[in-house]
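Please open the model in your viewer, with residue selection ready, and follow the stops below in order.

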Amino acid sequence: MTDAELEALVAKLSPKEARLDQNFKQDLNYRLHSEISRLGGEKQNKSTINFNFMNKFKYVLSAIGAVAIVALIFVALPKNKGTVLLPGKQQVTKINDKAFGSLATLTVASGKGSGGGMDGANAFTTAPQATANSKMAAPSTMGAPSSTVGGMGGGTANSDMLIYRPVNYNFVYKGKDFTIDPDKMPVYERQKGFGVAVNLDTVLKNFNVGSFNIGKFNSARLDNLTATQDQDKGYTLNMDFREGNVYIGQNWERWPNIYASCADQACYEQNRITESQLPSNDEAINLANQFLTDYGIDKNGFGAPFVQDNWKVNYMMSPMSMKSAYYIPEMLSVIYPTKIEGHEIYDQSGNKTGMYVSIDVRSKRVSSIGELNSQRYQASDYATEKDVKRILALAEKGGYQNYYPMMEIGIKTEEVQLGDPVSGYVRLWQNVNNQSKELFVPSLIFPITNAPTNIYMKNVVVPIVKEVLDAQNDPGPPIRIMKGRAK
Amino acid sequence: MESNESEIIAQCVAGNWQNFDSIYDHYLPKIYQFVYYRTRHKQTAEDITAQVFLKAVQHLSSYKSGEAPFSAWLYRIARNAVIDNSRSIKPTQDLETAYNLAGPDNVMRAVDATVTLETVKIKMADLSDLQREVLTMRVWDELSHQEISEILEISEGSSKVAMSRAIANLKQSMEIYEKR
């Protein structure tokens with residue numbers, strides 16, 4: 001036997017079935033990119049925006065843009081790791097300057113209900129209905145600092161109306177001087193869809209119920225897919241292929257409803273949630289994290305989760321005698337802030353926004369997940385506003401299209417102090433040709449450094465893209481409101 | 001791959017992971033195969049391979065290109081992971097027993113069911129650890145002596161000698177066997 005023959009025999013002993021599983025390859029690739037994203041985020045956090053507070057700070061973009069974040073969000077059914085339904089690896093494509101056209105028509109709310117808050121009326125409905133209605137809406141914290149303006153609230157109930165203590169707010173910048181150095185910065189637009197071909201045409205073509213044949217609808221495409229777990233405390237999974245997002249909610253028919261047999265107000269009152277039933281924030285975050293882990297929803301591409309508990313602002317301030325009458329929400333939401341290339345995303349009210357996981361307080365179970373969106377973006381540079389005075393003037397009005405201070409005569413005025421800004425992105429919408437575009441605009445985030453009465457804003461947001469600011473009408477000086485009813 | 005590999009690695013170390021997928025695509029099958037050959041268990045091989053690449057991503061900044069090629073660095077992580085795994089399965093197990101984890105039935109499913117092959121397999125288990133490791137790296141993983149020497153942290157000459165002795169010992173064992 002020659003050496004070569006012997007080597008050939010040894011070679012034959014290698015296990016020939018060592019075939020690499022392509023699902024494993026894909027899964028691991030996702031895990032690695034998540035890890036890379038996490039490492040990139042850590043690295044970036046350490047060097048977050050080089051503010052140089054000598055006399056002025058320098059707002060250096062290069063430190064931010066250098067790290068290419070490749071995050072991912074994917075949904076896989078439990079015990080079926082290979083089934084990737086939402087392979088939304090974060091992808092940012094750089095395109096020409098000003099490629100999104102004019103930014104003069106940006107709005108703070110989507111015209112299509114994708115994100116943003118609910119209207120004031122829905123916010124005060126009972127929790128189950130409110131959550132069901134807010135399918136695609138992040139539990140919003142939109143609204144003015146005081147309860148004088150409607151349109152607050154969202155997936156979680158809010159009872160600010162119980163205690164109305166009007167206060168005037170005077171925003172004052174107390175931070176250090178700064179400059180804005182970059183001449184232009186990227187604006188991001190989220191791309192709709194999942195970025196993968198989902199061909200469900202055959203489902204439509206073969207759907208034939210008696211005389212009604214959907215296959216006759218030429219060129220029809222399947223935009224939505226809803227699947228429901230037919231079991232107690234089961235979930236409904238809704239995938240919007242057109243928008244590129246996923247919503248997981250309760251299958252209402254199979255979840256207990258303690259109010260179902262209530263015939264009078266006393267029954268409702270008797271069964272209301274009490275403060276002692278609320279999970280702690282850590283408990284809520286643990287529940288949310290565990291659910292995401294169990295369902296294979298990657299959270300690495302998001303910022304640190306937090307519990308949205310703005311409702312507590314008024315609750316904590318209300319006297320003990322009023323606390324029992326206070327409506328405590330049946331759902332708590334844990335927010336996982338979206339990050340784009342390492343930047344955390346805020347709503348125009350200064351709250352970090354992103355994927356949310358709602359916890360049913362009564363059962364301590366996850367009841368819904370929303371804003372689970374594909375993460376494909378285009379980036380286009382726009383000129384920045386270099387006039388710091390203009391930025392500060394807007395900050396001292398409460399931020400972009402947010403709070404217009406109403407100087408009500410004869411009531412208390414409180415000072416809201418704003419500290420040194422950090423960079424972030426604000427999520428805005430643009431409606432073009434009946435389509436709602438989701439845009440993310442570079443902004444300065446001014447933290448509120450004191451704790452004024454009744455205010456649940458944590459930050460004031462001012463976009464620093466010149467075109468966006470130019471389009472905002474100058475509200476002028478505060479309007480003075482006379483006490484008493486109008487005649 | 002080798003031509004621009006060091007450049008891509010340097011980019012990754014600097015925080016630009018844009019081209020990482022090409023490294024991943026190139027090495028994943030090799031590392032998986034390397035691990036699978038030594039564990040002969042799909043799930044275990046996948047778990048270990050995942051550990052290897054996660055470690056590589058996490059510790060890439062500690063990789064020094066001047067000391068060893070990236071491939072050697074990666075294989076070394078894989079080899080250590082296989083050893084750690086075999087220890088965790090059974091505290092007294094070493095790489096030799098990890099190599100022998102699969103019974104003859106598993107092996108024979110994939111190879112010709114001949115007595116000769118079975119004999120080679122038995123005799124391979126009698127080789128020294130180094131000889132067996134060099135032999136399998138050379139024949140199964142098709143690694144060069146230079147790569148083997150860097151992975152095992154021995155000289156290239158030692159690798160060649162180990163290979164030569166492995167073959168010689170096997171031949172001798174086979175001849176003794178055939179004369180029976």
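Is A:Glu341 buried or exposed? Select this residue in the predicted model and display its surroundings: A:Glu341 has 24 other C-beta atoms within 10 Å and is therefore buried, the cut-off being 20 or more. A:Glu341 sits in the loop between strand S12 (339–340) and strand S13 (343–346) of chain A, and its phi is near 45 degrees, a positive value in a residue other than glycine.

Next, select B:Glu153, in the loop between helix H9 (145–152) and helix H10 (156–179) of chain B. Its phi, near 60 degrees, is again positive in a residue that is not glycine, but B:Glu153 counts as exposed, with 10 C-beta neighbours inside 10 Å.

Staying in chain B, select helix H2 (residues 20–39) and helix H3 (residues 42–59), which pack at an angle of about 135 degrees with their axes 9 Å apart. That angle makes H2(B) oblique to H3(B), and the crossing is right-handed. To see the contact itself, show B:Ile31, B:Tyr32, B:Val35, B:Tyr36 and B:Thr39 from H2(B), which meet B:Thr44, B:Ala45, B:Ile48, B:Thr49 and B:Val52 from H3(B); by class, this contact has seven nonpolar, three polar and no charged residues.

Finally, colour chain A by pLDDT, which averages 71, with 65% of the residues scoring at least 70. Among the elements of chain A, strand S4 (residues 184–190) has the highest mean, 94, and helix H4 (residues 120–123) the lowest, 28. Residues 111–163 of chain A stay under 50 throughout, although the model has 141 contacts beyond four places in sequence for them, and residues 479–487 of chain A are also below 50, with nine contacts beyond near neighbours in sequence.

Terms used
Residues are numbered from 1 along each chain as its sequence is written. Chains are lettered from A and ligands numbered from 1 in the order in which they are written. This is a predicted model: local features need pLDDT of at least 70, side-chain atom pairs count only at pLDDT 80 or more; totals for chains, interfaces and linings use all residues. pLDDT is the predictor's confidence in each residue, from 0 to 100. Helices (H or I, at least four residues) and strands (E, at least two) are DSSP runs, numbered from the N terminus. Two residues are in contact if their C-beta atoms, placed from the backbone, lie within 7 Å. Axes are lines fitted to C-alpha atoms, for helices over the stretch in contact, and angles run from 0 to 180 degrees between N-to-C directions. Angles under 35 degrees count as roughly parallel, over 145 as roughly antiparallel, 65 to 115 as roughly perpendicular and the rest as oblique. A crossing is left-handed if the near helix is turned anticlockwise from the far one by less than a right angle, and right-handed if clockwise. Ala, Val, Leu, Ile, Met, Phe, Trp, Tyr, Cys and Pro count as nonpolar, Asp, Glu, Lys and Arg as charged, and the others, Gly among them, as polar. A residue is buried if 20 or more other C-beta atoms lie within 10 Å of its own, exposed if 12 or fewer, and partly exposed in between; C-beta atoms are placed from the backbone.
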